[in-house]
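This report looks at how two protein chains meet, going from the overall interface to individual helix pairs and charged contacts.

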Amino acid sequence: MTVWIAIAVTAAGCYLVKYLGLSAPAGVLERPLVKRLAALLPVALLAALTAQQTFGDGPHLVLDAKAAGVAAAALALALRAPFLLVIGVAVAVTAGVRALGM
Amino acid sequence: MAEQTEIRTSPRAAAPPPPPAKPDSAVVRDALGVGVAVGLSGFAFGVTSAGAGLGLLQTCALSLLVFTGASQFALVGALAAGGNPFTAAAGAFFLGARNAFYGLRLSAVLGYRARIRPLAAHWIIDETSAVALAQPDRRTARLGFTVTGLTLYTLWNLTTLIGALGAGALGDTDAWGLDAAAPAVFVALLAPMLKDGVERAAAGLAVVLVLVTLPLLPTGVPVLVSALAAPAVLLVQGRRERAAGSGAVRAAAAPSARPEGTAELRDATGEDRA
């Protein structure tokens, strides 16, 4: 039951922020500062999410096979690999490094 | 066609040259690439959620109703760790709050009417926003958003179901490297956004903030704290522009740079080289 409560609260909250963002009055967006902020915030959030999911394990920082996988993905991106291949490289390298016991 | 491609009324709206045309096929190809790649990673969520002890219905409900990957992973992670439902939901909500900013940005780009917005809102996530925002005009932005959203939503829910059903057969999913899929997706989405020094500075500062606060703050909060990198970088940049524009008066008024300034300065010099 508690799990369903968590699901319901999360679903409602996550939908609401999406809808509120999309429905913000156009006047808000006219201000140059808001425009620049709205453009820059996703950059900051995506960078933070990448770092958190690569080096975070709950509240702890870890350096494990995932870091190697993400580094390989970045390299693949620099070599202009297509999206699916980039993800595939990350998964394969992570699995490979773990298989080697590192 | 009859779409209003220009709704702004600012005085300089008449001036900008039309952006270069992009063929629909290229937009669809990009959108499908993102939609398929990320949609397939619903498998990792299904496996993780089932592994965390959630039922099949609960796992599928999350993908159908929450539909924002990072929040879903955060929620099942917190529930598996024994968090109470409201703390777990708060963490997931904090992670999902960034979608409000995507929505804010997209509302002008997509220009959907009030009737469509409640439907379109559900599809606003990192990936659909990245694809839509990368397009040169409203028509292709809508096309990119719709194709990415449709593909990703369909596949994400389908693979969530398959993952949840097959979790038992896979055993240890980390051994398959599936936990690296999510950060790799974020890297792939982020890379094209790092166009100049300001963006790189914001990204760098955000990484520092999240890594420093991760061990100190509750789940989900560090990512929100890292969002402060955006206003911080804009503040430093605005100060420098004013200092350059109005001379020493402004520079004297501004005390020494704040700690965050160093990353920004370093990156700005990198930009000069590029």
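The sections below describe a predicted model, beginning with the interface as a whole.

## Extent of the interface

On the side of chain B, 89 residues are in contact with chain A, where 63 residues take part. The area buried between the two chains is about 6500 Å². Carbon and sulfur atoms give 79% of that area. Within the part that chain B buries against chain A, B:L104, B:L214 and B:L234 supply 9%, more than any other three residues.

## Polar and charged contacts between the chains

Between chain B and chain A the count is one salt bridge. The partners are A:R98 and B:D179, whose closest N and O atoms are 2.8 Å apart. Seven residue pairs across the two chains are in polar contact, with both residues at pLDDT 80 or more.

Helix α6 of chain B (residues 98–110) gives the most to the side of chain B that touches chain A, with eleven residues. By class, that side of chain B has 67 nonpolar, 13 polar and nine charged residues.

## Helix α5 of chain A against helix α1 of chain B

Helix α5 of chain A (residues 83–99) packs against helix α1 of chain B (residues 24–40) at an angle of about 25°, and their axes are 8 Å apart. Angles under 35 degrees count as roughly parallel, and α5(A) and α1(B) are therefore roughly parallel to each other.

From α5(A), the residues involved are A:F83, A:L84 and A:I87, which meet B:G33, B:V34, B:V36, B:A37, B:V38 and B:L40 in α1(B). The residues of this contact divide into eight nonpolar, one polar and no charged.

## Helix α1 of chain A against helix α3 of chain B

A second pair is formed by helix α1 of chain A (residues 2–22) and helix α3 of chain B (residues 56–66), with an angle of about 10° and axes 9 Å apart. It follows that α1(A) and α3(B) are therefore also roughly parallel to each other.

Here A:V3, A:W4, A:I7, A:T10, A:A11, A:C14 and A:K18 in α1(A) meet B:L57, B:Q58, B:A61, B:L62, B:L65 and B:V66 in α3(B). This contact comprises ten nonpolar residues, two polar and one charged.

## Salt bridges in the whole structure

Over all chains, a search of the whole structure finds four salt bridges. In one of them the side chains of A:R98 and A:D64 meet, at 3.8 Å from N to O. This pair links distant parts of the chain, 34 residues apart: A:R98 lies in helix α5 of chain A, and A:D64 in the loop between β2 (60–61) and α4 (65–78) of chain A. A:R98 also forms the salt bridge with B:D179.

Terms used: Residues are numbered from 1 along each chain as its sequence is written. Chains are lettered from A and ligands numbered from 1 in the order in which they are written. This is a predicted model: local features need pLDDT of at least 70, side-chain atom pairs count only at pLDDT 80 or more; totals for chains, interfaces and linings use all residues. Side-chain values use heavy atoms; hydrogens and water are left out. Contact means heavy atoms within 4.5 Å. Buried area is the accessible area (1.4 Å probe) that two parts lose on being put together, summed over both. A polar contact is a pair of N or O atoms within 3.5 Å; within protein, one must be able to donate a hydrogen and the other to accept it, and residues adjacent in sequence count only if both atoms are side-chain atoms. Helices (H or I, at least four residues) and strands (E, at least two) are DSSP runs, numbered from the N terminus. Ala, Val, Leu, Ile, Met, Phe, Trp, Tyr, Cys and Pro count as nonpolar, Asp, Glu, Lys and Arg as charged, and the others, Gly among them, as polar. Axes are lines fitted to C-alpha atoms, for helices over the stretch in contact, and angles run from 0 to 180 degrees between N-to-C directions. Angles under 35 degrees count as roughly parallel, over 145 as roughly antiparallel, 65 to 115 as roughly perpendicular and the rest as oblique.
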